[in-house]
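This report covers nonpolar packing and charged pairs in one protein chain. The model shown below is predicted.

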Amino acid sequence: MKIYPILFLLLLASCASFHQDNEMVYSSFPREKKLYAQTIEIDTALFRYPFRVRIEGDKAIVLDLHGTDHYCHVFQYPEFTYLNSFGKRGDSPEEMLSVENVRYGKDGSVWLLDANKGELDRFVFSSSGDSLLLDEVVSLDKSLLRALDFAQLDESTFVIPDYSGETRFCKVNQRGRLVGKSGTIPTTNDEALSKARPALAQAWRSFVDYNPDNGVLAAVTQLGEVLEIYNLKDSTHVVCVGPNGEPEFKIADGYGVPTGIMGFSDVKVTNRAIYAVFHGRTFKEIAQQKETIVDGGQYIYVFSLQGEPICKYTLDRYVYGIDVDEDKQRITATDVNNDQPIIQFYFD
């Protein structure tokens, strides 16, 4: 179905309204469509909790959050033929206690974040191209609270969400040293902002992604329904708030305890749009599951790079992590509920 420019603008106007220059509230999407999964058959039984998938060139990396021997697995893409595993689990100097995320570096290397050790580990492909070798270990600044996600801004700078609540993001250099902080949590909860910043920061835990081609950094909240868009080229900042509002929580023993909904679980910034996996189920609904227990989000929300809602995809599977190839109109996703957890959706 074609949407002509004037009609498209009218549809956007009906779905979103601006409260101030940098805040937008949306209630629906101009387009909604159902997508059906195609399962990628993988012979090797590797995964316990496939959390992230990253694709670059002819290689795909899948992060298993609860990996037994290794946290990450490399596949030939698009066939998904298994090649090797890396990020060995253990407490020795060359092993990892945890892996929160995996990113391709600008030079073709791969970075892993180990929150338990407070490290960023850099791996490089072997000469044969079928395995990854540990090349560098970067210890993060001790002043940083537990780092749970990261993105690489350029060859010398990483951005990490600030879980102290003092600011929104921390910037660290290639040696792991803190070089700056920026932003504030865009909450309307003034009491928590003034009296309970660490608990507020926990509730506002966000997943991030950055696209160096357009300078757009996106952050989506794990609780509630908030998308933040930072354009680092023109220094604009947009806060998009959906029907479920900002993260809801109560404070118990100094910690933020979630009381609302599970929100987003992954975000991808492409050259044309922002894709985010959305759950939308209350914690009460999740706790009341009796028969088939499912984990993940059944929706992929698509926004413009300026934050306007474009499309809501309803999936026939529940997914956690995604990678998007807009040229091939393909979304690769991880499904933690199935023995064959790598799936693909095709969109238009």
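## Nonpolar packing

Beyond its neighbours within four places in sequence, leucine 227 is in contact with Ala218, Ala219, Val220, Val238, Val239, Cys240, Ile274 and Phe303. Another core, of 17 residues, lies apart from the one that holds Leu227; Ile300, Val302, Tyr313 and Ile322 are among its members.

The largest nonpolar core has 54 residues. Leu227 is one of those with the most contacts inside it, together with Ile61, Phe86, Val110, Leu112 and Ile274. In soluble globular proteins, nonpolar side chains tend to be buried together.

## Buried charged pairs

The whole structure contains 15 salt bridges. One of them joins the side chains of arginine 52 and aspartate 266, at 3.6 Å from N to O. Arginine 52 belongs to strand β5 (residues 50-56) and aspartate 266 to strand β23 (residues 264-269), so this pair ties together parts 214 residues apart in sequence. Both arginine 52 and aspartate 266 are buried.

Aspartate 149 and arginine 103 also form a salt bridge, with their closest N and O atoms 3.6 Å apart. Aspartate 149 sits in the loop between β12 (132-139) and β13 (151-154), and arginine 103 in strand β9 (residues 101-104), 46 residues away in sequence. Aspartate 149 and arginine 103 are both buried.

## Other salt bridges

In the salt bridge between lysine 181 and aspartate 162, the closest N and O atoms are 3.7 Å apart. Lysine 181 counts as partly exposed because its relative accessibility is 37%, whereas aspartate 162, at 5%, is buried.

A network of salt bridges links Arg31, Lys33 and Asp348.

Conventions. Residues numbered from 1 in each chain as written. Predicted model: local features only at pLDDT ≥ 70, side-chain atom pairs only at ≥ 80, totals over all residues. Heavy atoms only, no water. Core = buried A, V, L, I, M, F, W, Y, C linked by side-chain atoms within 4.5 Å. Buried < 20%, exposed > 50% of the residue type's maximum accessible area, 1.4 Å probe, protein only. Contact = heavy atoms within 4.5 Å. Salt bridge = Lys/Arg side-chain N within 4 Å of Asp/Glu carboxyl O. Helix = DSSP H or I, 4+ residues; strand = E, 2+ residues; numbered from the N terminus.
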